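Student: Could you walk me through this one slowly, starting with where the chains meet?
Tutor: Gladly; have a look at it here before we begin.

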Amino acid sequence: MAVCIAVIAKENYPLYIRSTPTENELKFHYMVHTSLDVVDEKISAMGKALVDQRELYLGLLYPTEDYKVYGYVTNSKVKFVMVVDSSNTALRDNEIRSMFRKLHNSYTDVMCNPFYNPGDRIQSRAFDNMVMSMMIQVC
Amino acid sequence: MADEALFLLLHNEIVSGVYKSAEQGEVENGRCITKLENMGFRVGQGLIERFTKDTARFKDELDIMKFICKDFWTTVFKKQIDNLRTNHQGIYVLQDNKFRLLTQMSAGKQYLEHASKYLAFTCGLIRGGLSNLGIKSIVTAEVSSMPACKFQVMIQKL
């Protein structure tokens, strides 16, 4: 279960950020922001290596805190960043991948919505519901 | 089989609809082509997002152009581009010898002057697809003899 999910446009501004409202959300925003550098690094390094679409498990960005940050970049250079609490059960690779697949599918639906202008913040309720279903329910 | 005809007929109606509404306003001819092209642009953006969902990452510009010529064209028009030429400096020419949207119109020089209206949407389609993949471009089309047509893509290097 994710703690924070963010969708970042190709110009590196956020299209959508949602985190479970426990403590200060700002912390998650910073984490997502710093993870963007790692993402860029991986993309440029990947040109020589395998040509694969998925890009995940960027590893612990903050060794002090117990979060894992995963990344995923689509062909249209839109980045999905997911912050997971690693104190709970260690999520398997497959689960993370399927969560990103669901995210990508929902994002594609948002893109095809004629009322959505590419580059605006995502305000679709369906997308919202899908993301909430992937996050921890903390009361 | 019927769904090909669906898009063809709808596209023809879109073109005549845009021109009819222009007649009522005081809009010059050039604006209609722009409107059609912008429609194609938005559609292209959404389409590319859907089509590239499962494909591998593209290595370079040429790879993207090949994708447009093969997979994208096949999915939209049920055939591939017949000829792709480039000067390796950002200009690509896509040649389609039997363009789906023009086959029903004529098989020679008749109606040549109206052909550009029916190509504007597809130009926008290509431009929208490329822009979503991160490539800014200008797409123009020319017809010398129906139903063959050439799309010229000029990549703008920033």
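**Where the chains meet**

Tutor: Chain B and chain A bury about 1,800 Å² between them, 45% of it on carbon and sulfur atoms, where buried area is the accessible area (1.4 Å probe) that two parts lose on being put together, summed over both. This is a predicted model, in which local features need pLDDT of at least 70 and side-chain atom pairs count only at pLDDT 80 or more, while totals for chains, interfaces and linings use all residues. Residues are numbered from 1 along each chain as written, chains are lettered from A in the order in which they are written, and side-chain values use heavy atoms, without hydrogens and water.

Student: Which three residues of chain B supply the most of the area it buries against chain A?
Tutor: Glu49(B), Lys53(B) and Arg57(B) supply 45% of the area that chain B buries there, more than any other three residues.

Student: And how many salt bridges are found across the interface?
Tutor: The rule finds 1 across the interface of chain B and chain A, a salt bridge being a side-chain nitrogen of Lys or Arg within 4 Å of a carboxyl oxygen of Asp or Glu. Arg50(B) pairs in this way with Asp109(A), the closest N and O atoms being 2.9 Å apart.

Student: What does Asp128(A) form a salt bridge with?
Tutor: Its partner is Arg18(A), with the closest N and O atoms 3.0 Å apart. The pair links distant parts of the chain, since Asp128(A) lies in helix H3 of chain A and Arg18(A) in strand S2 (residues 14–19) of chain A, 110 residues apart. Helices (H or I, at least four residues) and strands (E, at least two) are DSSP runs, numbered from the N terminus.

Student: New topic: what is the mean pLDDT of chain B?
Tutor: The mean for chain B is 84, and 95% of its residues reach 70 or more, on the predictor's confidence scale for each residue, from 0 to 100. Chain A averages 75, with 74% of the residues scoring at least 70.

Student: Where in chain A does pLDDT stay under 50?
Tutor: That happens over residues 53–64 of chain A.

Student: What ipTM does the complex get?
Tutor: The predictor gives the complex an ipTM of 0.80, together with a pTM of 0.82.

Note on methods: Contact = heavy atoms within 4.5 Å.
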